[in-house]
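Visitor: Please take one small part of this model and examine it closely. Once that part is clear, I should be grateful for an account of its surroundings and of other regions that a first-year student can follow in the viewer.

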Amino acid sequence: MSEIRSMIKILLVEDNLDDVEITRRALKDAKVLNKLWIVRDGEEALDFLYRKNQYKDPDSSPRPGLIMLDINLPKINGLEVLKRIKQNSKLKRIPVVVLTVSKRDEDIIRAYDCNCNSFIQKPVEFEKFVDVIRQIELYWGLLNLNSPNGVERK
Amino acid sequence: MKEKIGILIIGAGKSGSELISLFSGIDTVDVAGVADIDQDAPGIKLAKELNIPTTSDYRNFINAKGLSLIFNATGDDKVREDAAKIKAPGVELINSYSAKLIWMVAEERMREAAQKARAIFDQTFQFIGLMTPDGKVVEANRAALEFAGIEESAVLGKPFWETPWWTHSPDMQERLRQAVKRVAGGEFIRFEATHIAKDGGLHYVDFSLKPIKDTSGKVVFMVPEGRDITEKRRAEDALKTEQRKFSDAINALSDSFFVLDLNGKFLMWNKALEEITQHTKEEVAVMDVAEFFEKSEKEKVFKAIAAAIEKGHASLEANVITKSNKLIPHSIMGKILKDAAGNVIGVAGIGRDMSERKRAEEGIRKINRMQASLLDVGSLDEKLKKITDGVVDIFNADFARIWLIDRGDRCDSGCPHAGITEGPHVCRSRDKCLHLVASSGRYTHIDGGHTRVPFGCYKIGGIASGKYPSFLTNDVANDPHVHKHDWAKELGLVSFAGFQLHPPHGEAIGVLALFSKHTISDDEFMLLENISTMAARVIQTGIAEELLRQSKENLVRITNAVPGAVYEFKMTPEGKMEFTFLSRGIKELLGVSSDDILKDFSMAWSHVLPEDVGHLRESILVSAKTQALWQHEFRVRASDDSIKTILGSSAPTRVDSAGNSFWNGTLLDIEDRKKSEDEIREINKELDDFTYIVSHDLKEPLRSIDAFSKFIETDYKDRMDAEGVKYLERIRANCQMMQKLIENLLEISRMERTRNLSEDVNVEEIVDEVKFRLEYITKEKNAEIFIKDKLPRIFCDRVRLTEAFANLILNAIKFNDKKKPIVEIGCDIENNFYKFYVKDNGPGIDKKYFNIIFQIFQRLGRREDSEGTGAGLAIVKKIIRMHKGDIWVESEKKKGSVFYFTIPRDKETVMGRRRIGEILIDKNLVSAEDLKKALDEQVKGGGSDE
């Protein structure tokens, strides 16, 4: 697969360090060169998005073009984060891909009820995961047209 | 007295004779004499007969004294001249010619008169005749002659008593002769005579004989007269007979008969009146009606008589006093008598001795009272004692007893009859024995010598066996059937009556018997027979009631042991509802007794929670309308305010002729079940969460292991030898395995808890979808999947069934060793379910593995040979079971395999709603065949009572 450069910023909300590592690696292997911002829990995620506390500085918290959100988060539950994002007039335009291990119907339903844009089950096998990441980029980074605000293209 | 006209007749020839006859019959004429030369002339004879002086020379009489007329009948002029000369100056002389003239005129007159007389004479239907004083018949009228059928010539001149009218009876002749004599003497005689008519018949004649006298009083003629009074006599005889009959009749009456005049005196009465009042005929004749009653009742009597006169009839109940001052109660009825003109002439009536009837009435009243008291609640023995008491009282018996026929119960414990082996009274049937159950009167004990009597033996046993069906003797001392004559004599017992007690068309169930010191009349015997019929009925009812009571007890015991409440429910065609039976269990359910609800159905409704009432009512009405099995859950508030969930279910049993439908059912408290259900739901939820959490927490590390071992592999490949790489791969392979396992576990455990809505699904579409999903591997393996015939539309969980087919078809391809795997899918439609199959031409499965392949995680091949986790078939089995179907395999090594699974056709079954029937079968209370039979019968419309 040829290199595809996509420059949207991705915010990854993930509490599991391993998963962070794996995701980073997957992105690398998938040759996705987007800038990746990582926050470790729901509170941080909201701080980042609202530019609060340690993320007051907009440089440290640019508007992401895609949010990859794990539902299982400590402190504030991932769904709650999703809800808040989608209720905020500015933030709701940002596509949120729920990435999580579960594919329980209830979870899927709830996520969509909170207006997530996509729901993906994280495959266990790494290679498969790489593939998934690639496809996410292909779609959300390239194919999908984002709303004008909050996307920085070069 | 007038002076008679004297006449002298000269010439006694024909003319002269005529003159003589003529004048001798005339009262006012005295024929002084008759003269004729010829003393043999007819007139001379006649004159002599008539005592008229005669002479041969008329000159002798011509100057006789008193002479007024001289008739010259000679026709001789000489005589005329002579007579004229010598006669006295005042005397007339009538000559022949004149005499003839006079005579002709007179004759004519006479003839006229005679004709008239004759006419009357002959016209009358009465018998009339004329006789001489010495009894000779001169005349007889036509009626008399025709009566006897005789000619005038036969009787004229004959003595009357010698005529055919009288010759039939010497008595009558004599009587007549006597009568004639007396009438000749001037008497008038009348008597009843009998005569023989010309037809031979005897006639009664009112006979009279009247004398005809001349001026001197001498009887010159006699007139016999007769009136045929035969008819009258016959009528009189008939009347007499009637009167006698009447008299006999009224005298035959045992009741008193009387006719009173308006003054209260007796005009007529019968023997009975005399006998009852003990008065003689003579006494009654002069008695007044009031004398027959007590002073205190006289008023009543007069009122009754007055009423009779006024209304035409009346009745009275009063005591009659006899001569000996005994009072006899009487019922008297009277009617007025009127004469032809309509005037009341008296009162006729009948009086009846009521004492016997009063006694009988009292007896019947007592029997009725006894019968009424037998309807009261009481044991059989108590009732039978009432009967024997009644018999003693009503019939004044000395003692009365009732035996019942039952099994012999004392044969081995000292019954005296058991030991007798010889003689006429050997106890032959141990299962039929007479038990003494009631005794009243002189003997009231029931455990004495007669407590048991062998069937067929002795008097009592003989009555029971039918040797003597009902038995009466009024001479106990001498009757051969009675045994202890001395005892009977000593006690003064005179009569015995025994009756076999039996139901209308059945065998004997007992005996009623009594002894009495007085004779038993036929009437009393009949009453006793009625009483024994009553007793038989009481016994029958008693036995039936006992059986009923026992079966009721059993029913109550059984239904009370059953959990919940058992009931029979009735709904009228108008929709009125009630319980006809409700077991005690309802008390536990609602805290209300079954009696209260049986009395008042609305009480049951009042316990149902208001929000559930509507649905409950509706479900009942729907079931009632369609006569379908009814099942419904609803909540109730018990008396202690606790809320319970009740499951009611019932089945229709019958519809009676009035259109009422009946249902048998149960009410079960499923609160616990509901609680359990809730608990289960909670547990499931917890389990779900647990599973989720566990699997999630298991999966994450797996991902990490996989990923990092990959990283090692990738990044450090050049620093590792082949072995190391292999190890890493093994690590990764295991991770993947674990992940699949976790997925399958999740899948299986979730399937139980989450149900998709079942829907109408076209199975062909499912198979198409699966084919699409498996396209890759199908191509890879060069497999062919095809559908044999058509696949039906079924009611199922689409997603899950798709899953099932996917697993089966995938297995069929995956484990296939052939160059061209062929998978055939088909469906057979059986009675109650669809039988799907997935057939392959793979390696087949050994029989011993048929069961275990469906167990989770069991695999047949080596782990590395197959990709499966071994959970596939377990999942399929779970899916099929969830549809209430079954799955199995038929296979032979090297001959491929066929996996069969069934899906019920019935929606309800698929959805898992269970009916009472299934619950019953599940609990082994009923076999499926029996249930099916019962349900089929229900459907047929016969509807058994079971």
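**The start of a helix, and beyond**

Guide: At the N-terminal end of α1(A), the residue N16(A) acts as a cap, with a side-chain oxygen placed 2.9 Å from the backbone nitrogen of D18(A). Please keep in mind that this is a predicted model. The capped helix α1 of chain A covers residues 17-29, 13 residues in total. From its first C-alpha to its last, α1(A) reaches 18 Å, close to the 18 Å expected at 1.5 Å a residue.

Which residues of α1(A) are buried? They are D19(A), V20(A), I22(A), T23(A), R25(A), A26(A) and L27(A). When reading such a list, it helps to recall that an α-helix has 3.6 residues a turn, so residues three or four places apart point the same way. Just after the helix α1(A) comes K31(A), which adopts a positive phi of about 60°.

The helix belongs to a chain with a regular plan. Chain A holds five helices and five strands, and along the sequence they follow the pattern β-α-β-α-β-α-β-α-β-α. Of the 154 residues in chain A, 53% count as buried. The accessible surface of chain A is about 7,800 Å², and carbon and sulfur atoms make up 48% of that surface. Among contacts in chain A with a separation of 6 or more, 64% are between residues 24 or more positions apart.

A loop residue of chain A also deserves attention. R93(A) is found in the loop that lies between α3 (78-87) and β4 (96-100) of chain A. Because its relative accessibility is 48%, R93(A) counts as partly exposed. Although R93(A) and P148(A) are 55 residues apart along the chain, their C-alpha atoms are separated by 9.4 Å.

We may now turn to chain B and its sheets. Strands of a sheet pair through backbone hydrogen bonds, either parallel or antiparallel. One open sheet in chain B has six strands in the order β18-β17-β16-β21-β20-β19, with antiparallel pairing. At its edges stand β18 (452-454) and β19 (470-473) of chain B, each with a single partner strand, so one side of each lacks a neighbour in the sheet. From one strand to the next, the twist averages 20°. Within this sheet, the antiparallel strands β16 (residues 399-406) and β17 (residues 433-441) of chain B are joined by eight bridges, and I402(B) stands opposite A438(B) in β17(B). Helix α16 of chain B, residues 522-561, packs on the sheet and touches β16, β19, β20 and β21 of chain B. The direction of α16(B) makes about 35° with that of β20(B).

A second example from chain B is an open sheet of five strands, ordered β28-β30-β31-β33-β32, in which the pairing is mixed. Here β28 (784-787) and β32 (887-891) of chain B are at the edges with a single partner strand each, so one side of each has no neighbour in the sheet. The edge strand β28(B) pairs with β30(B), residues 822-829, in the parallel sense over four bridges. In β30(B), I822(B) is the bridge partner of E784(B). Across β28, β30, β31 (833-840) and β33 (897-904) of chain B lies helix α25(B), residues 798-814, which runs at about 25° to β31(B).

Conventions:
Residues are numbered from 1 along each chain as its sequence is written. Chains are lettered from A and ligands numbered from 1 in the order in which they are written. This is a predicted model: local features need pLDDT of at least 70, side-chain atom pairs count only at pLDDT 80 or more; totals for chains, interfaces and linings use all residues. Side-chain values use heavy atoms; hydrogens and water are left out. Two strands pair if DSSP finds at least two bridges between them. Helices (H or I, at least four residues) and strands (E, at least two) are DSSP runs, numbered from the N terminus. Contact means heavy atoms within 4.5 Å. Axes are lines fitted to C-alpha atoms, for helices over the stretch in contact, and angles run from 0 to 180 degrees between N-to-C directions. The expected span of a helix is 1.5 Å times one less than its number of residues. Buried means under 20% relative accessible area, exposed over 50%, partly exposed in between (1.4 Å probe, protein chains only). A polar contact is a pair of N or O atoms within 3.5 Å; within protein, one must be able to donate a hydrogen and the other to accept it, and residues adjacent in sequence count only if both atoms are side-chain atoms. Accessible areas come from the Shrake-Rupley method with a 1.4 Å probe; for residues, only the protein chains shown count as cover.
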